[in-house]
Structure formats: structure tokens, C-alpha cells
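Visitor: I would like to learn how to read a fold feature by feature. Could you walk me through one?

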Amino acid sequence: EEILVEDGHAVGVRVSYKKGRGPREATFHAPVVISDAGAHTTATRLLAPGAAPRLTRSVASAEPSISTV
């Protein structure tokens, strides 16, 4: 659902999952957060707007390629 950012640093993630009859949410804090969702998805869907302006600019200026599809 979201990468949690405090003072410009990733500090954890908020996830949703299905258990039993309905969806649930959980928050996990960690000293290191790694996203395997790809740069574009990480910058545009997992981080709050303005949380990582350098990454957002880099992703916006990247030329489409097989690795960025």
C-alpha cells in the first residue's frame, strides 16, 4: 500500500492483506526498506507525493525500455 517516510528516510511499510472475511492492514517498521515493485511504481504509487523528489524526477525523465515497462 505505502512506503512510510519520516524526515526524508524510509522507515517502514503499510500493507493490506486478506485474512478471514475481510481485508486487514498492518504496519511494519524497519531500518532498511527495499522495493521490488520497480522504480516507476515505487515513485508514483508507493511513496507519498513529495516524499522522494529526486527519484520522481529521475523516473519522469527515464526513457521507456524493456526494463522500465
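**Reading the fold**

Guide: Gladly, and let us begin with a contact list: setting aside residues up to four places away in sequence, Thr42 touches Ile3, Ser35, Ala37, Leu47 and Leu55. Please keep in mind that this is a predicted model.

Visitor: Where does Thr42 lie?

Guide: Thr42 sits in helix H1, which covers residues 39-46.

Visitor: And is Thr42 buried or exposed?

Guide: The way to read this is to compare the relative accessible area with a cut-off, and buried means under 20%. Thr42 has a relative accessible area of 9%, so it is buried. One of its contacts, Ile3, belongs to the residue range of strand E1, residues 2-6.

Visitor: Let me step back, then. Which elements does the protein have, and how do they run from the N terminus on?

Guide: Their order is β-β-β-α-α. That gives three strands and two helices. The radius of gyration of the protein is 14 Å, well over the 11 Å that the globule rule gives for 69 residues, so the protein is more spread out than a compact globule.

Visitor: What does the C-alpha trace span along its principal axes?

Guide: The spans are about 45 × 30 × 20 Å. It helps to read them beside the burial figure: buried residues make up 17% of the 69 residues.

Visitor: What do the contacts say about sequence distance?

Guide: Here you take the contacts between residues at least 6 apart in sequence and ask what share joins residues at least 24 apart. In this protein that share is 17%.

Visitor: Now the strands, please. In which sense do E1 and E2 pair, and over how many bridges?

Guide: Strand E1 (residues 2-6) and strand E2 (residues 9-19) are antiparallel partners, with five bridges between them. To follow the register, look for residues that face each other across the pair: Ile3 stands opposite Val13 in E2.

Visitor: How many bridges join E2 to E3?

Guide: There are eight, and E2 and strand E3 (residues 22-29) also run antiparallel. Two positions let you trace the register here: Lys18 is opposite Pro23 in E3, and Gly12 is opposite His29 in E3.

Visitor: What should I keep in mind about side chains along a strand?

Guide: In a regular strand the side chains alternate between the two faces of the sheet.

Visitor: Next, the turns. What does phi tell me in the hairpin of E1 and E2?

Guide: Look for a positive phi among the residues between the strands. This hairpin has two residues between its strands, and Asp7 takes a positive phi near 50°. Asp7 is a residue other than glycine with such a value. Asp7 counts as exposed because its relative accessibility is 79%, and exposed means over 50%.

Visitor: Which residue takes a positive phi in the hairpin of E2 and E3?

Guide: Gly20 does, with phi near 70°, and this hairpin has two residues between the strands as well. Gly20 has a relative accessibility of 63%, so it counts as exposed.

Visitor: How should I read a distance between C-alpha atoms alongside sequence separation?

Guide: Put the two numbers side by side. Gly20 and Glu2 are 18 residues apart along the chain, and their C-alpha atoms are separated by 22 Å. Arg45 and Glu2 are 43 residues apart along the chain, with their C-alpha atoms separated by 7.6 Å.

Visitor: Where does Arg45 lie, and what does it touch?

Guide: Arg45 is in helix H1. Leaving out residues up to four places away in sequence, Arg45 touches Glu1 and His40. With a relative accessibility of 66%, Arg45 counts as exposed.

Visitor: One last feature: how far apart are the mean positions of the positive and negative charges?

Guide: For the 8 positive and 7 negative charges of the protein, the mean positions are 10 Å apart. The accessible surface comes to about 5700 Å², and 54% of that belongs to carbon and sulfur atoms.

Key. Residues numbered from 1 in each chain as written. Predicted model: local features only at pLDDT ≥ 70, side-chain atom pairs only at ≥ 80, totals over all residues. Heavy atoms only, no water. Helix = DSSP H or I, 4+ residues; strand = E, 2+ residues; numbered from the N terminus. Rg over C-alpha atoms; globule rule 2.2 N^0.38 Å. Buried < 20%, exposed > 50% of the residue type's maximum accessible area, 1.4 Å probe, protein only. Contact = heavy atoms within 4.5 Å. Areas by Shrake-Rupley, 256 points an atom, 1.4 Å probe, with all protein chains shown as cover. Lys, Arg positive; Asp, Glu negative; His and termini not counted. Charge placed at Lys NZ, Arg CZ, Asp CG, Glu CD. Pairing = 2+ DSSP bridges.
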